[in-house]
Amino acid sequence: MTCHILGICVGTTFSDGLIDLILYGVLPGQEKSNWMMLIPVLIVYFIIYFVVFRFFILKWDLKTPGREAEGEAAHLVSKEEYRKATGVGVAGGKAAAAGKFDEKSAAILKGVGGVANLVDIDCCATRLRLTLVDSAKVDQAILKSTGASGVVVKGAGIQVIYGPSVTIVKSNFEEFVDQVRAGTISEETFIDVQTPESAVVSEKKNDTDIKDSVLGSHLNGQVVPLAEVKDEAFASGALGDGVAVEPSEGKLYAPTDGVIETVFDTKHAIGMTTDAGTELLLHIGIDTVKLGGKHFETHVSAEQHVKKGDLLVTFDIEGIKKEGYLCTTPMIVCNTDDYKEVKAVAEGKIKAGQDILSLKG
């Protein structure tokens with residue numbers, strides 16, 4: 001407000017530093033930016049800050065660096081020490097320090113053999129991806145009790161299938177594991193006890209009347225039956241029924257009218273809910289989450305309403321293939337259980353927008 005009143009027009013990026021002052025103040029010239037007026041403003045602010053902060057530091061004897069008591073060594077508190085002391089910044093916050101914690105995350109940790117067996121935590125659009133010391137210690141029954149629709153074990157890695165909500169599961173699980181490793185929660189409090197029923201997640205059924213509908217193809221290309229997709233989680237139907245397309249063009253389109261629920265950071269997948277209530281996952285390629293968004297460009301954002309045929313994502317087919325990944329793109333009905341039948345109605349070559357999937361309520 002001060003700069004506005006004084007007519008100071010110096011643009012900034014993210015730093016508000018010397019480089020910004022030179023680029024957007026000095027170089028455009030005094031007549032355009034009035035940057036010289038900023039110098040006395042900065043001097044006044046410096047004096048105010050120095051006087052005010054010094055007054056309260058001395059008044060309340062705040063132990064700022066360099067003002068420790070005589071003979072007291074300066075000590076920087078680590079993140080782990082802070083979390084252990086306060087319970088802040090970990091799953092459950094201070095409640096965790098009182099013995100309360102995220103039971104679902106506790107069940108997942110128990111299902112993978114404990115914190116000592118856990119090496120790395122990651123996720124894609126639908127799966128919690130964990131690297132373990134020994135995958136033989138995995139208890140699939142416990143993991144499925146947390147709401148997972150399937151578990152895929154590949155060497156030292158496992159994939160626990162949760163669907164589009166996996167990003168929330170991953171975030172909570174990471175915080176919980178940090179809490180256990182910091183000692184805020186003892187692993188003994190949950191690792192040897194029976195998995196609580198409250199950790200079991202049951203999918204909510206859609207209470208509204210489900211209407212029959214037909215979805216258009218999300219791509220130009222060749223229809224691929226879901227069972228033939230070269231990914232166990234998709235091919236087995238663990239994420240839901242649907243159909244896939246081998247694209248001939250790097251453009252993903254909306255298969256029907258609806259609202260974009262999720263645009264994944266890695267840009268390779270879109271979650272949407274159709275106006276008829278169908279929950280869809282559009283997943284470009286197999287394991288393309290590992291590209292970290294490379295070769296993809298999104299054209300929509302979360303909570304945006306789209307019409308059938310609207311462009312959602314563009315992607316470089318050749319670039320993706322050169323990286324060693326398949327471009328086969330499944331369209332999954334995540335709430336398959338709400339329908340009596342989900343059936344592909346097309347085969348062979350198909351154009352975007354043509355009928356490809358029939359849903360009967």
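In this predicted model, Leu 62 lies in the loop that links helix H4 (38–59) to helix H5 (79–86). Its relative accessible area is 38%, so Leu 62 counts as partly exposed. Leu 62 also belongs to a nonpolar surface patch of about 1000 Å². Other members of this patch include Val 44, Tyr 45, Ile 48 and Tyr 49. Val 52, Phe 53, Phe 55, Phe 56 and Trp 60 are part of the patch as well.

The protein chain as a whole was examined next. It holds 11 helices and 18 strands. Of its 361 residues, 41% count as buried. The accessible surface comes to about 19900 Å². Carbon and sulfur atoms account for 54% of that surface. Among contacts with a separation of 6 or more, 66% join residues 24 or more positions apart.

The largest nonpolar core contains 33 residues. Leu 252, Ile 270, Leu 312, Phe 315, Met 331, Ile 356 and Leu 357 have the most contacts inside it. Several elements each supply at least two residues of this core. Among them are strand S7 (242–247), strand S10 (269–274), strand S11 (279–283) and strand S14 (311–315). Helix H11 (317–322), strand S15 (329–333) and strand S18 (355–360) do so too. A second, separate core has 26 residues, including Val 115, Leu 118, Ile 121 and Phe 190.

Ile 356 shows how one core residue is surrounded. Neighbours within four places in sequence are left aside here. Ile 356 then contacts Leu 215, Gly 216, Ser 217 and Val 223, among others. Its partners also include Val 243, Val 245 and Met 331. Further contacts of Ile 356 are with Lys 343, Ala 344, Val 345, Ala 346 and Ile 350.

Thr 274 sits in strand S10. Its relative accessibility is 6%, under the 20% limit, and Thr 274 therefore counts as buried. Residues up to four places away in sequence are again not counted. On that basis, Thr 274 touches Leu 215, Thr 256, Asp 257, Gly 258 and Leu 280. Leu 215 is thus a partner of both Thr 274 and Ile 356.

Lys 294 is placed in the loop between S11 and strand S12 (296–298). Lys 294 counts as partly exposed because its relative accessibility is 45%, which falls between the 20% and 50% limits. Its side chain forms a polar contact of 2.8 Å with the side chain of Glu 323. Lys 294 and Gly 319 are 25 residues apart in sequence. In space, their C-alpha atoms are 8.8 Å apart.

Terms used: Residues numbered from 1 in each chain as written. Predicted model: local features only at pLDDT ≥ 70, side-chain atom pairs only at ≥ 80, totals over all residues. Heavy atoms only, no water. Core = buried A, V, L, I, M, F, W, Y, C linked by side-chain atoms within 4.5 Å. Buried < 20%, exposed > 50% of the residue type's maximum accessible area, 1.4 Å probe, protein only. Helix = DSSP H or I, 4+ residues; strand = E, 2+ residues; numbered from the N terminus. Contact = heavy atoms within 4.5 Å. Polar contact = N/O pair within 3.5 Å; in protein donor to acceptor, adjacent residues only side chain to side chain. Areas by Shrake-Rupley, 256 points an atom, 1.4 Å probe, with all protein chains shown as cover. Patch = residues over 30% accessible without salt bridge, like charges linked within 9 Å, V, L, I, M, F, W, Y side chains within 5 Å. Salt bridge = Lys/Arg side-chain N within 4 Å of Asp/Glu carboxyl O.
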